[in-house]
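Welcome, and thank you for taking a look at this structure with me. Let us walk through it one region at a time.

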Amino acid sequence: MTDGMTGGLTVDEALRALAALEAAWKDDDEALSALSAGGPDERTLPALVAAYGEHAMDTLMALAFGLRSTMSDEEIAELSDAVSANIGARMSALLTRALKVWGAVAPPDDLVVTKAIAHVVIDAMRAVTEDPNKTEVLPLLATFRSYALNNP
């Protein structure tokens, strides 16, 4: 079960990734260890956190550029062109691609790498808010958790 709000991730994957972001923020190795012990068909935690980072940045960029669910195809095409022309949006896409590569090659149980990826994702999420230095991380993650739960 996936959709635009979870960016190709299942709701369970989105929630697991958000739990990992929160655990990394709190420096909770015990919680990260438990989350990294995924099942055989689950993405590794570093790869999942990086994939969630891409979803979060795509969502925040779309909101920053004014994407609305009521837009026509023509309006969406114009918005897509505006995003493609924006250096910040291009750098965001480059960052998320780099994180995905890093997450894909990271050992599944490497908590140091998982925390590093998580902190970059959190910093990137905060960077596109109105006042990054005053944006509290846990409420920001709670907002994303609410989106994942309410838009399955």
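Two residues count as being in contact when they have heavy atoms within 4.5 Å of each other. Keep that in mind as we go, and remember that the model on display is a predicted one.

A good place to begin is helix H6, which covers residues 111–127. With 17 residues, H6 reaches 24 Å from its first C-alpha to its last, close to the 24 Å expected at 1.5 Å a residue. At the start of this helix, Asp-110 places a side-chain oxygen within 3.1 Å of the backbone nitrogen of Val-112. The buried residues of H6 include Leu-111, Val-113, Thr-114, Ile-117 and Val-121. Lys-115 and Arg-126 are also among the buried residues of this helix. What do the buried residues of H6 pack against? Their partners are helix H1 (11–25), helix H2 (29–36), helix H3 (45–64), helix H5 (87–105) and helix H7 (137–150).

From H6 we can step across to helix H2, where Ser-36 is found. Is Ser-36 buried or exposed? Its relative accessible area is 17%, and buried means under 20%, so Ser-36 counts as buried. Leaving aside neighbours within four places in sequence, Ser-36 is in contact with Arg-16, Leu-45, Pro-108, Asp-109 and Leu-111. One of these, Leu-111, is also one of the buried residues of H6. The C-alpha atoms of Ser-36 and Thr-114 are separated by 9.0 Å, although the two residues are 78 apart along the chain. The side chain of Ser-36 also reaches the backbone oxygen of Ser-33, at 2.9 Å.

Helix H2 holds Ala-31 as well. Ala-31 has a relative accessibility of 25% and counts as partly exposed. Its C-alpha atom is separated by 8.4 Å from that of Ala-19, and the two residues lie 12 apart along the chain.

Just a short detour now, to the loop between H1 and H2, where you will find Asp-27. Most residues other than glycine have a negative phi. Phi of Asp-27, however, is near 55 degrees, a positive value in a residue other than glycine.

Next, let us visit the second largest pocket, with a volume of about 160 Å³. Which helices each supply at least two residues of its lining? They are H3, helix H4 (73–85) and H5. The largest share of the lining, 5 residues, comes from H5. Among the lining residues are Asp-58, Met-61, Val-83, Ser-84, Arg-90 and Thr-96. By character, the lining divides into 5 nonpolar, 3 polar and 2 charged residues.

Thr-96, one of the residues lining this pocket, lies in helix H5. With a relative accessible area of 4%, Thr-96 is buried. Not counting residues up to four places away in sequence, Thr-96 touches Gly-53, Glu-54 and Met-57.

Our last stop is Ala-64, in helix H3. Is Ala-64 buried or exposed? Exposed means over 50% relative accessible area, and Ala-64 has 56%, so this residue counts as exposed. The C-alpha atoms of Ala-64 and Val-137, 73 residues apart along the chain, are separated by 18 Å.

Note on methods
Residues numbered from 1 in each chain as written. Predicted model: local features only at pLDDT ≥ 70, side-chain atom pairs only at ≥ 80, totals over all residues. Heavy atoms only, no water. Helix = DSSP H or I, 4+ residues; strand = E, 2+ residues; numbered from the N terminus. Expected span 1.5 Å × (residues − 1). Buried < 20%, exposed > 50% of the residue type's maximum accessible area, 1.4 Å probe, protein only. Polar contact = N/O pair within 3.5 Å; in protein donor to acceptor, adjacent residues only side chain to side chain. 1 Å grid on protein atoms, 1.4 Å probe; cavity = no way out; pocket = protein on both sides within 12 Å on 5 of 7 lines; lining within 4 Å. Points joined across faces, edges and corners; volume = space filled by probe spheres on them. Nonpolar A, V, L, I, M, F, W, Y, C, P; charged D, E, K, R; others polar.
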